[in-house]
Amino acid sequence: MFASHIETDIAPSGTLLGLLQRGRGDGWLHALAAPRAEAVAALERCVLHDPRRDWRLEHRSLYYARLYVELGADLDAITDHLFRPDDAVRPEEERTGLALSVLGHLTSYGDREALRLLRRYAVEGANWRWALDELAVRDDDAGLRALGPRILLRFPHTEEGEAALTAAVRDSFEPRPWHVWAADPDRPGQRARLERALEHGDFDRWQRQLRSPGPQPGWSVAAILDWAQEGYEQSPRQWREAAAARCLAAVAGPADRPRLLAAAEAGPPAVRAAALRHLAEREEPAVFPLVEAAAAAPDEDVAGAAVTAFSRMGGRPALEQARRWADRDDQLGSCAAAMLATRGESRDAPRVLTALLRSVRTRGMDARELRPLVEGAGRLAVGAAVPVLRHIYRETASSQLRGDVARALSGTDPSFTTGFAVECLWDCEEDTREVAARCATTVDTRVVERLRRLATDPAEQAGVQTAVRGRLADRATG
């Protein structure tokens with residue numbers, strides 16, 4: 001299961017498990033120094049119980065796969081996890097996605113057992129689409145071709161089965177297997193069936209584009225606002241604030257200003273949100289008191305929409321207003337401080353630092369507003385922020401935030417090149433490894449050896465390898 005956003009099962013940062021769960025480079029190095037059985041147990045705990053707060057944004061699979069290779073760990077625990085009896089009743093991607101991604105990277109490293117497990121799970125497992133996507137970019141045509149008939153057994157030759165097949169083909173993330181199966185000359189029935197599915201999928205996409213339920217040419221401001229509120233009142237609720245604001249930008253004129261100001265002040269929730277966003281994006285001078293009033297509204301949707309509307313303002317008046325709101329201890333104050341961190345001047349550094357300290361103290365090491373504040377501390381070169389940045393680096397469970405901190409420290413902390421930058425070469429995030437490749441001191445022999453390994457690793461990202469090769473070339477030329 002994934003770590004809860006509220007109650008997390010992340011171990012303390014000073015433990016081997018806690019380091020590996022966070023994807024820190026120090027975790028990798030500690031695992032190699034720990035007793036092998038302890039290191040393998042911690043690694044398997046991470047892979048089978050995904051510790052990421054947001055699996056769509058944070059990376060761990062390559063980090064864990066490399067450690068599997070380094071420790072020489074077998075895949076028995078992953079096998080038991082994937083083929084548990086409850087796999088059919090717990091098909092969610094969160095349960096098996098990380099394990100399948102690790103198997104994909106191990107396949108890239110030439111692990112035949114990992115390839116066999118991916119093929120088997122694609123045929124038998126509930127989250128088979130993920131396994132098939134891993135195979136799509138790593139298996140050869142012959143291996144994929146052999147899977148075709150068994151995968152297609154998932155779709156009976158009925159009207160419902162053909163519709164499900166069309167949807168699977170249309171919505172596939174990696175379409176290569178379907179095209180391989182559609183081109184299989186030895187299976188004409190399969191070929192004809194998949195050609196129909198591919199054709200129907202293309203037709204479905206075209207039809208969906210023609211059947212847009214949104215505003216039509218000629219709609220008035222009133223009609224667009226009514227459409228926004230209509231979505232809000234549906235079940236499940238459709239939040240059309242952004243789409244309605246885009247439509248208002250196309251049709252609203254100077255004569256509509258009084259109506260929009262009134263809607264932003266006292267309209268129903270979706271109408272108020274759409275009007276606020278439109279006025280903010282048009283840099284309407286009168287929007288600031290409306291935003292402030294809406295941000296204090298008891299309706300959380302309205303309050304959140306007000307903060308979002310203000311965050312989208314880019315003019316000088318908005319920056320001046322942010323300086324007045326940055327000390328507020330609410331979401332509007334956090335948004336104002338983030339605006340100063342992103343676009344402010346050197347004179348705004350004390351406000352950014354104050355907001356950073358307040359956020360860590362009151363909302364913890366993984367608060368959403370920390371990312372822009374950390375980036376701002378680096379952009380504005382706030383040297384006084386170094387102690388709190390180091391603390392966030394050690395404690396945060398977010399590998400993305402840790403990467404932001406590493407970039408901020410690279411410009412503010414003189415000890416970064418000989419400290420955190422060294423361990424960042426083993427970090428789970430490619431952007432963090434790239435920062436380390438550009439900064440870590442090559443006086444440390446571990447750094448030179450790691451740079452050489454990354455330069456030849458076929459799974460490493462291009463940006464990291466470019467930075468690595470640049471450092472190695474610089475070192476070779478003195």
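Which element gives the most to the lining of the second largest pocket? I started my notebook with that one, and the model I had open is a predicted one.

**Entry 1: the second largest pocket**

I looked up the lining, and α20 comes out on top with six residues. The elements that supply two or more lining residues here are α18 and α20, the latter running over 331-343. I noted a volume of about 530 Å³ for this pocket. Its lining has 18 residues, and the ones nearest the centre are V307, Q331, S334, C335 and R368. Sorting the lining of this second largest pocket by class, I got nine nonpolar, five polar and four charged residues.

**Entry 2: the largest pocket**

Next I went to the largest pocket, which holds about 910 Å³ of space. I found 35 residues lining it, with W55, S101, W130, E134 and F173 lying nearest its centre. Which element hands over the largest share of this lining? It's α8, with six residues. I also listed the helices that each give at least two residues to the lining: α4 (61-71), α6 (93-108), α8 (128-136), α10 (159-170) and α26 (430-439). By class, I wrote down 14 nonpolar, seven polar and 14 charged residues for the lining of the largest pocket.

**Entry 3: helix α14**

Then I picked a helix, α14, which spans residues 241-251, and checked what is tucked away. Its buried residues are E241, A244, A245 and L248. Why do they line one face of the helix? Looking down the axis of α14, I see the buried residues fall within an arc of 100°, so they sit along one face. On the face turned away from that buried side I found the exposed residues R246 and A250. I wanted to know what covers the buried residues too, and the cover includes α13 (221-233), α15 (257-266), α16 (269-281) and α18 (300-311). I had already met α18 in Entry 1, as one of the elements lining the second largest pocket.

**Entry 4: a cis bond just ahead of α14**

I stepped back into the loop between α13 and α14, where P236 lies. The peptide bond from S235 to P236 is cis, and its omega is near 0°.

**Entry 5: two positive phi values**

I looked for backbone oddities and wrote down two residues. E283 has a phi near 55°, a positive value in a residue that isn't glycine. I found E283 in the loop between α16 and α17, with α17 covering 287-295. Its relative accessibility is 31%, so E283 counts as partly exposed.

A381 also has a phi near 55°, again positive in a residue other than glycine. A381 sits in the loop between α22 (370-379) and α23 (386-395). I put A381 down as partly exposed because its relative accessible area is 48%, and the partly exposed range stops at 50%.

**Entry 6: T441**

My last stop was T441, in the loop between α26 and α27 (445-456). Is T441 buried or exposed? T441 counts as buried because its relative accessibility is 18%, and the cut-off for buried is under 20%. Which residues is T441 in contact with, leaving aside its neighbours within four places in sequence? I listed T417, T418, V447 and R471. One link back to Entry 2: α26, at one end of this loop, is among the helices that supply at least two residues to the lining of the largest pocket.

Notes: Residues numbered from 1 in each chain as written. Predicted model: local features only at pLDDT ≥ 70, side-chain atom pairs only at ≥ 80, totals over all residues. Heavy atoms only, no water. Buried < 20%, exposed > 50% of the residue type's maximum accessible area, 1.4 Å probe, protein only. Helix = DSSP H or I, 4+ residues; strand = E, 2+ residues; numbered from the N terminus. Arc of directions from axis to C-beta. Contact = heavy atoms within 4.5 Å. 1 Å grid on protein atoms, 1.4 Å probe; cavity = no way out; pocket = protein on both sides within 12 Å on 5 of 7 lines; lining within 4 Å. Points joined across faces, edges and corners; volume = space filled by probe spheres on them. Nonpolar A, V, L, I, M, F, W, Y, C, P; charged D, E, K, R; others polar.
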